[in-house]
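I opened this entry to log what I looked up, one topic at a time. The model comes next.

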Amino acid sequence: MSDPAVDPEEVRHVADLARVDLADDEIERFTEQFGDILDAFEALDDVPETEREADLSNVMRPDETRESLSQDEALQNASDTEEGQFKGPKVS
Amino acid sequence: MTEYNGYVTDETIEGAEDGPLAGKTVAVKDNISTEGVRTTCGSAMLSDYVPPYDATVVERLKDAGATIPGKTNMDEFGMGTTTETSAFGPVENPIAEGRVPGGSSGGSAAVVAAGDADLALGSDTGGSIRCPAAFCGVVGIKPTYGLVSRYGLVAYANSLEQIGPIAPTVEDAAELLDIIAGPDEHDATTQEAPEADGSYAAAADGDVDGLSIGVPTELLDGADEEVVETFWDAMADLEAQGASYHEVDLPSVEHAVEAYYVIAMSEASSNLARFDGVRYGQSGGYDGNWNESFANAREEGFGEEVKRRVLLGTYALSAGYHDKYYKKAQDARAWVKQDFDEALDDADVLASPTMPVPPMKRGESLDDPLTMYLADANTTPVNLANLPAISVPAGETDDGLPVGLQLVGPAFGEREIIRAGSALA
């Protein structure tokens with residue numbers, strides 16, 4: 001397989017998808033490191049297609065109401081709340 | 001606080017007055033939720049986060065009478081092999097000056113090695129209990145996937161991780177496993193272990209007469225010479241006590257560490273999406289639009305290793321790359337599982353050095369993430385295969401650096417690895 005050759009634009013794009021701001025020096029460092037790491041991941045090309053075990057089963061519980069966190073407990077770690085609700089940034 | 005920075009928070013939590021752990025201190029890794037006591041995951045993102053509930057394992061510790069002396073330092077969100085990526089500073093190895101304690105449960109292993117706690121809980125996603133146990137000269141058990149509840153464990157890569165014990169001896173570790181193991185209605189991936197005689201602690205009888213040990217040659221190739229020598233000395237010790245060994249081939253493990261990192265990073269990119277600074281965590285402010293605000297919170301709240309993994313995971317799952325990385329990694333995972341199952345048909349347990357190298361010098365891994373990832377070659381296959389493993393002290397290098405021996409058992413075969421390990425420690 002060809003070299004994945006990550007460029008700074010690609011790192012910037014992925015950071016954007018992941019909602020992580022990066023400083024310019026971080027982008028530079030990650031571009032180089034991602035090249036090495038993705039090169040190492042190329043070894044996975046040699047892995048044969050393998051049958052996955054199908055002995056998994058779903059675990060269900062009865063759909064009944066039960067105790068949960070109170071509204072106050074759920075809100076206690078939020079940086080800002082308003083009228084019993086989380087307060088987030090503007091949705092533009 | 002400790003001079004080697006083992007605790008993030010040293011608030012004491014008292015358990016019940018009576019119980020099998022009464023009078024014992026059990027330190028808890030700081031990614032395991034403790035009601036009313038902050039739980040940071042070693043991250044600035046959660047530096048003020050106080051869980052409104054206890055993890056199931058913490059409830060069980062308290063019911064068993066344990067005293068929790070504090071929350072232990074760790075690599076940020078469990079992402080590291082050296083406990084140097086914590087936002088609360090690195091942990092030093094209390095028994096090997098100038099060396100890392102291993103990670104990511106470095107604080108838990110360090111407080112046990114230093115005698116500042118009797119026992120500790122860690123979590124192991126790709127070796128995070130076994131590596132620090134090996135580097136600090138103590139015992140660590142990574143249980144079979146599904147034996148111990150993950151309810152209240154802040155998720156890094158849920159398909160791989162398990163909470164498990166760290167202790168000075170195999171018997172002590174097994175006793176702690178007896179307390180935390182067992183199904184939990186809050187974690188649908190837990191299951192009842194098949195019936196077996198006696199407790200885990202009772203299995204620590206040191207009887208290895210007739211034990212058949214498989215040694216995967218791939219896990220010795222490329223390991224440090226002194227580590228390999230120490231490993232064979234410990235094997236000779238087991239042989240002298242009546243065990244026998246044979247070499248086995250596990251060709252799949254050559255690809256395990258790459259598969260592990262693709263899967264763990266992919267799961268991390270999804271799990272850590274929740275940290276946007278609204279419900280909890282560092283706020284990104286209220287100006288600009290919500291995407292900018294979230295990206296700002298995550299730039300400030302996450303350290304470099306966490307960003308690296310979240311970005312690589314996002315990349316591996318993105319359109320055009322999913323089949324190349326994620327799907328192939330899942331093939332590798334199934335292959336590793338098959339290989340281990342076959343090898344364990346002809347052996348009671350499998351043995352290898354826990355880590356291919358002695359504890360690294362502090363600071364040397366930080367600029368070279370790939371080399372740090374590759375140090376997880378012997379531990380990550382076990383998580384991919386969902387199997388139980390123990391790390392026990394095997395001896396020391398000529399420079400006095402601790403070396404760990406890893407024993408891997410069949411699914412829910414904790415008693416086998418505890419029995420075998422107890423012949424050494």
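The notes below go from the chain interface to the domains, then to single residues and salt bridges.

**Ground rules**

I worked on a predicted model, where local features need pLDDT of at least 70, side-chain atom pairs count only at pLDDT 80 or more, and totals for chains, interfaces and linings use all residues. Residues are numbered from 1 along each chain as its sequence is written, chains are lettered from A and ligands numbered from 1 in the order in which they are written, and side-chain values use heavy atoms, with hydrogens and water left out.

**Chain A against chain B**

I started with contacts (heavy atoms within 4.5 Å). Chain A puts 51 residues in contact with 59 residues of chain B. I then took the buried area, which is the accessible area (1.4 Å probe) that two parts lose on being put together, summed over both. The two chains bury about 4,800 Å² between them, and 63% of it is on carbon and sulfur atoms.

Next I counted salt bridges (a side-chain nitrogen of Lys or Arg within 4 Å of a carboxyl oxygen of Asp or Glu). The rule finds 6 across the interface of chain A and chain B. I also counted polar contacts: pairs of N or O atoms within 3.5 Å, where within protein one must be able to donate a hydrogen and the other to accept it, and residues adjacent in sequence count only if both atoms are side-chain atoms. Between chain A and chain B, 17 residue pairs are in polar contact, both residues at pLDDT 80 or more.

Which elements give two or more residues to the chain A side? They are α1 (8-17) and α2 (24-41) of chain A. Helices (H or I, at least four residues) and strands (E, at least two) are DSSP runs, numbered from the N terminus. The largest share, 10 residues, comes from α2(A). I sorted this side of chain A by type and got 26 nonpolar, 7 polar and 18 charged residues. Here Ala, Val, Leu, Ile, Met, Phe, Trp, Tyr, Cys and Pro count as nonpolar, Asp, Glu, Lys and Arg as charged, and the others, Gly among them, as polar.

**Domains of chain B**

I took the bounds from an automatic or database domain assignment. It gives domain 1 (7-246 + 341-423) and domain 2 (253-333) of chain B. Their centres, taken over C-alpha atoms, are 25 Å apart. I found 33 residues of domain 1 in contact with 28 residues of domain 2. The area buried between them is about 2,700 Å², and carbon and sulfur atoms give 64% of it. B:Met45, B:Tyr373 and B:Leu384 supply 29% of what domain 1 buries against domain 2, more than any other three residues.

How many salt bridges cross between these domains? The rule finds 0. It does find 17 residue pairs in polar contact there, both at pLDDT 80 or more. On the domain 1 side, α10 (369-374) and α11 (380-384) of chain B each supply at least two residues. That side divides into 19 nonpolar, 11 polar and 3 charged residues.

**B:Thr125**

I looked up B:Thr125 in the loop between β4 (119-124) and α3 (130-135) of chain B. I used buried for under 20% relative accessible area, exposed for over 50%, and partly exposed for in between (1.4 Å probe, protein chains only). B:Thr125 counts as buried because its relative accessibility is 3%. Its side chain makes a polar contact with the side chain of B:Glu161 (2.8 Å). Residues that B:Thr125 touches include B:Tyr156, B:Leu160, B:Tyr260 and B:Asn383.

**Helix α1 of chain B**

In α1 (56-63) of chain B, I list B:Thr56, B:Val57, B:Val58 and B:Leu61 as buried. Their cover includes β2 (26-29), β4, β6 (162-167) and α4 (170-180) of chain B. B:Gly65 follows α1(B) and has a positive phi, near 90°.

**Salt bridges**

I count 22 over all chains. A:Asp45 and B:Lys324 meet in one at 3.7 Å, N to O. A:Asp45 lies in the loop between α2 and α3 (71-75) of chain A and B:Lys324 in helix α9 (322-343) of chain B, so the pair joins two chains. A:Asp45 is partly exposed at 29%, while B:Lys324 is buried at 18%.

B:Lys307 and B:Glu299 meet at 3.1 Å, N to O. B:Lys307 is buried at 4%, and B:Glu299 is partly exposed at 21%. I closed with one network, in which salt bridges that share partners join A:Asp25, A:Arg29, B:Glu304, B:Glu305, B:Arg308 and B:Arg309.

Conventions: Lists of a residue's contacts leave out its neighbours within four places in sequence.
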